[in-house]
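Biologist: I would like to learn how to read a protein model. Can we go through one together?
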Amino acid sequence: MWELAEKAQAEGSYLFTYPTTGYFDAFLYALMYSVGGPDFFNKATTYAEGIWDTPEAQQCFDIIAKLASYTNPVTPAQANDQDFTQNQQLVLDNKALFMPNGTWIVGEMAEAPRAEGFQWGMTALPAAKAGGNGASYCWLEQAWIPAAAPNLDAAKQFVAFLYSDAACAIFAKGGAVQPVPGLTDNLEGDNKMFYAIYDNGADAAMGNFAAYNAVAGLGTVREVFLDPVNGLVNGSVTVDQWISDVKAASDQMRANIMG
């Protein structure tokens with residue numbers, strides 16, 4: 001991947017961009033999973049003591065820091081709720097090769113201009129070590145049936161229906177996919193390509209940082225882990241400062257974790 005980054009810059013492009021730092025959450029989750037598997041992922045997202053001093057954590061920090069040096073430098077200035085589509089446009093204009101995003105990107109940028117011959121592609125994050133699997137983050141929507149609901153049997157039938165062939169076809173029209181084996185065979189176009197990455201050996205990273213009680217001076221997960229990426233790219237934040245802040249905040253998060 002780093003060789004590709006060098007090749008891209010030699011040709012006037014960059015390896016990476018991101019719409020806003022908020023989109024970096026999916027990247028970080030997949031990276032943690034690729035580097036350390038579910039064990040490291042689960043410990044990191046629950047702020048386990050000493051987790052950010054491990055070799056796996058250092059590898060995550062190193063990869064993100066190096067990626068920042070291969071990120072299109074205009075990205076931070078446009079990484080806001082008003083201008084984020086301009087960062088997405090960098091990919092359409094061949095000024096950046098990769099960005100974290102969701103399958104909705106195709107519809108969101110459907111009317112945007114693009115370089116001649118442009119086609120959407122999708123890949124999992126590369127395996128962090130030889131012989132390992134790549135990883136991609138996914139969201140899992142959930143449905144609940146209240147225990148005191150007056151129509152429990154009907155509710156259970158409806159939940160079961162959500163995984164039927166008929167429901168799968170309905171969801172597919174909206175670009176969504178249930179976790180049903182072989183379902184991607186019924187998709188078409190870009191959606192088929194997007195969801196097929198799990199059929200091609202990528203691990204599905206799922207979950208997020210544990211909620212914690214608000215504490216004066218303690219930032220949100222985004223403010224602590226993700227927003228500093230802008231500073232890494234434009235040089236206003238050092239890697240060492242970022243790592244130090246993550247470790248300090250994680251200790252407070254662990255001490256105030258909900259539940």
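Modeller: Yes. Remember that this model is predicted. Start with Phe 27, which has a relative accessible area of 10%. Buried means under 20%, so Phe 27 is buried.

Biologist: What is the relative accessibility of Phe 24?

Modeller: For Phe 24 the value is 2%, so Phe 24 counts as buried too.

Biologist: Where do Phe 24 and Phe 27 lie?

Modeller: Both are in helix H2. They sit 3 residues apart, about one turn of the helix.

Biologist: How many aromatic pairs does a search of the whole structure find?

Modeller: The search finds 21. To read a pair, look at the ring centres and at the angle of the planes. Planes under 30 degrees apart count as stacked, over 60 as edge-to-face and the rest as tilted. Take Phe 24 and Phe 27: their ring centres are 4.8 Å apart and their planes are at 40°, so this pair is tilted.

Biologist: What about the rings of Phe 16 and Tyr 18?

Modeller: Their centres are 6.4 Å apart, with the planes at 45°, so that pair is tilted. Phe 16 and Tyr 18 are both buried.

Biologist: Now the core. Which residues have the most contacts inside the largest nonpolar core?

Modeller: They are Phe 24, Met 32, Trp 52, Ile 64, Phe 209 and Phe 225. This core has 48 residues. Several elements give two or more residues to it, including H2, helix H3 (55-69) and strand S1 (135-137). Helix H12 (239-255) is also one of them.

Biologist: Which element gives the most to this core?

Modeller: H2 does, with 13 residues.

Biologist: How do I look at one core residue?

Modeller: List its contacts, leaving aside neighbours within four places in sequence. On that basis, Ile 64 is in contact with Phe 24, Phe 27, Leu 28 and Leu 31. Its list also includes Val 229, Leu 232 and Trp 242. Apart from the largest core lies another, of 13 residues, among them Met 109 and Phe 194.

Biologist: Let me try Ser 34. Is Ser 34 buried or exposed?

Modeller: Its relative accessible area is 9%, so Ser 34 is buried. Ser 34 is found in helix H2 (residues 24-45).

Biologist: What does the side chain of Ser 34 reach?

Modeller: It reaches the backbone nitrogen of Ala 128, at 3.1 Å. Beyond its neighbours within four places in sequence, Ser 34 is in contact with Pro 126, Ala 127, Ala 128, Asn 133 and Ala 135.

Methods
Residues numbered from 1 in each chain as written. Predicted model: local features only at pLDDT ≥ 70, side-chain atom pairs only at ≥ 80, totals over all residues. Heavy atoms only, no water. Helix = DSSP H or I, 4+ residues; strand = E, 2+ residues; numbered from the N terminus. Buried < 20%, exposed > 50% of the residue type's maximum accessible area, 1.4 Å probe, protein only. Polar contact = N/O pair within 3.5 Å; in protein donor to acceptor, adjacent residues only side chain to side chain. Contact = heavy atoms within 4.5 Å. Phe/Tyr/Trp six-rings, centres within 6.5 Å; stacked < 30°, edge-to-face > 60°. Core = buried A, V, L, I, M, F, W, Y, C linked by side-chain atoms within 4.5 Å.
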